[in-house]
2 protein chains.
Amino acid sequence: MTRWEPNARGRLELAAMELYGERGFERTTVAEIAERAGLTERTFFRHYADKREVLFAGSGEVPQLLEAAIAGAPRRATPMAAAQRAVETVGEAIAEQRGRVFARRRRDIIVANPELQERELIKLASWAATIAAALRERGVGEAAARLSGEVAIAVFRVAFATWVDGPADGELPELTRAAFAELRSLSRPGTGRTGTSPAAAGGARATRRGKRPAAAP
Amino acid sequence: MTRWEPNARGRLELAAMELYGERGFERTTVAEIAERAGLTERTFFRHYADKREVLFAGSGEVPQLLEAAIAGAPRRATPMAAAQRAVETVGEAIAEQRGRVFARRRRDIIVANPELQERELIKLASWAATIAAALRERGVGEAAARLSGEVAIAVFRVAFATWVDGPADGELPELTRAAFAELRSLSRPGTGRTGTSPAAAGGARATRRGKRPAAAP
DNA sequence: CGTGCCATGTCAGTTGCTGTCATCGGAGGT
DNA sequence: ACCTCCGATGACAGCAACTGACATGGCACG
């Protein structure tokens with residue numbers, strides 16, 4: 001027989017997600033998580049750098065996805081188009097890997113706590129930096145690369161929020177495309193004046209099924 | 001005579017900024033800050049909610065600035081144009097209030113520490129949310145408002161980074177305008193293909209004086 | 001069959017942050 | 001002149017997140 005129950009990390013994740021959902025993030029202590037997992041506090045910190053990491057350990061391979069997508073974009077694509085492609089790919093992976101209901105549970109925990117929102121933001125900022133670096137690698141200028149990365153992530157955030165609150169799985173890439181289309185319409189003079197309500201251009205179905213609260217992480 | 005030296009808050013800020021600069025943020029304890037300021041640890045936390053707040057207490061009135069700028073934008077302006085106006089206004093205020101050298105010192109402290117970067121990001125995210133809310137107030141649709149807010153802040157970040165590393169004061173609003181112009185060129189088909197280096201459109205001087213490191217906050 | 005590895009346990013310590021109560025100069029009223 | 005309340009600070013105790021150092025014992029590998 002083994003000395004310890006297997007899958008310590010998994011038990012810690014399960015216990016943490018449960019407790020975060022039950023009592024909220026702040027009001028669960030690491031000692032409680034460890035106890036529910038049948039481990040010690042010290043062991044928790046051997047698997048997760050801090051209390052928040054449990055919610056973010058899953059997205060470790062995203063940077064590689066972004067890099068690969070940008071490296072594989074057609075040579076004639078604009079920087080922004082390449083960045084768009086990259087975040088669409090990530091969206092697809094997220095939607096497949098964990099699914100929308102998991103994303104929603106996770107989102108609910110995160111929006112309830114500023115510390116977690118900070119962690120989420122720094123993750124997204126690092127994705128933006130990854131995109132910018134990959135674009136620079138292709139010869140795109142500094143400012144254009146950074147802008148494309150930052151803006152692509154900004155658009156993705158909006159699309160992701162819409163998706164999480166939506167009713168059906170598997171449409172995150174489409175929502176992302178729609179959000180990019182809407183962004184283009186926002187910069188195009190002659191559309192989307194302040195004061196008119198739906199700024200979504202025809203063809204982009206960004207406003208499908210009515211607006212949702214779309215809590216901003 | 002008064003019971004205590006006056007301006008406790010100011011002394012705390014001075015002591016904290018000095019120590020953060022000298023030893024770095026993590027390696028200065030609140031006890032040290034309080035001691036240098038001639039106060040107790042407990043008093044520090046009466047003035048600043050946490051150790052990081054010292055670096056962020058100055059930007060409290062920015063949301064009002066953003067709201068006012070958007071409320072005062074011409075009725076015919078696009079949402080993105082209104083958002084651009086707002087962040088330009090903020091840039092002007094920041095440049096005037098503290099100046100570029102202070103901004104650089106502050107930036108150096110922040111880029112050296114992830115906790116502080118998180119705090120910076122959540123501040124910027126709240127600005128984006130403020131812009132979005134102000135636009136919604138004017139009848140702009142949910143998605144368009146969020147997109148404009150997020151993207152305007154993303155562009156502002158890039159412009160700010162360029163400004164902080166640049167050589168002269170007072171040009172932040174111009175750099176912001178240039179960054180917006182470049183963003184437009186990035187979405188315009190036919191320019192800024194991947195593989196060509198300077199994507200800045202003619203007239204927008206976004207690439208003035210050669211690229212800088214532009215460390216991302 | 002021996003030996004070293006590695007995941008976990010144990011324990012002690014630092015630090016950020018909070019609650020609570022005491023203290024005392026100053027402002028305002030009488 | 002005296003009283004009284006207020007507000008800023010001090011003093012102290014405590015919690016919880018994290019860290020470093022060392023011990024332990026199955027298990028893989030030679």
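**Packing and DNA-facing surfaces in a predicted model**

In chain B, I153(B) touches V87(B), L124(B), W127(B) and A128(B), residues up to four places away in sequence being left out. The model is predicted. I153(B) belongs to helix α8 of chain B, which covers residues 142–165. Its partner L124(B) is 29 residues away along the chain, yet the two C-alpha atoms are separated by 6.9 Å. I153(B) counts as buried because it has 26 C-beta neighbours inside 10 Å, and the cut-off for burial is 20 or more.

The nonpolar interior was examined next. The largest nonpolar core has 92 residues. Within this core, I131(A), V155(A), I131(B) and V155(B) have the most contacts. Another core, of 16 residues, lies apart from it. Among the residues of that second core are A34(A), A37(A), L39(A) and F44(A). The surroundings of I131(A) can be listed in detail. With neighbours within four places in sequence set aside, I131(A) is in contact with L66(A), I70(A), A83(A) and A86(A). I131(A) also contacts S148(A), G149(A) and A152(A).

One helix pair in chain A was analysed. Helix α6 of chain A spans residues 100–111, and helix α7 of chain A spans residues 114–137. The two helices pack at an angle of about 120 degrees. Their axes are 6 Å apart. At that angle, α6(A) and α7(A) are therefore oblique to each other. From α6(A), the residues I109(A), I110(A) and V111(A) take part in the contact. They meet L116(A), Q117(A) and E120(A) of α7(A). By class, the contact of α6(A) with α7(A) consists of four nonpolar residues, one polar and one charged.

The DNA-facing surfaces follow. Around DNA strand C there are 17 residues. Those that come nearest are A8(A), R42(A), T43(A), R3(B) and D50(B). Three elements give two or more residues each to this surface: α3 (41–47) of chain A, and α2 (30–37) and α3 (41–47) of chain B. Of these, α3(A) gives the most, with three residues. The surface near DNA strand C has seven nonpolar, four polar and six charged residues.

DNA strand D is likewise surrounded by 17 residues. The closest are D50(A), K51(A), A8(B), T40(B) and T43(B). Here α2 (30–36) and α3 of chain A, together with α3 of chain B, each supply at least two residues. The largest share of the surface near DNA strand D comes from α3(B), which provides three residues. By class, this surface divides into seven nonpolar, four polar and six charged residues.

A backbone feature was found in each protein chain. N7(A) is not a glycine, but its phi is positive, at about 60 degrees. N7(A) sits in the segment before α1 (8–23) of chain A. With 11 C-beta neighbours inside 10 Å, N7(A) is classed as exposed, since the limit for exposure is 12 or fewer. In chain B, N7(B) has a positive phi of about 65 degrees and is not a glycine either. N7(B) is placed in the segment before α1 (8–23) of chain B. N7(B) is exposed, having 11 other C-beta atoms within 10 Å.

Note on methods. Residues are numbered from 1 along each chain as its sequence is written. Chains are lettered from A and ligands numbered from 1 in the order in which they are written. This is a predicted model: local features need pLDDT of at least 70, side-chain atom pairs count only at pLDDT 80 or more; totals for chains, interfaces and linings use all residues. A residue is near a molecule or strand if its C-beta atom, placed from the backbone, lies within 6 Å of it. Helices (H or I, at least four residues) and strands (E, at least two) are DSSP runs, numbered from the N terminus. Ala, Val, Leu, Ile, Met, Phe, Trp, Tyr, Cys and Pro count as nonpolar, Asp, Glu, Lys and Arg as charged, and the others, Gly among them, as polar. A nonpolar core is a set of buried Ala, Val, Leu, Ile, Met, Phe, Trp, Tyr and Cys residues joined through C-beta atoms within 7 Å. Two residues are in contact if their C-beta atoms, placed from the backbone, lie within 7 Å. Axes are lines fitted to C-alpha atoms, for helices over the stretch in contact, and angles run from 0 to 180 degrees between N-to-C directions. Angles under 35 degrees count as roughly parallel, over 145 as roughly antiparallel, 65 to 115 as roughly perpendicular and the rest as oblique.
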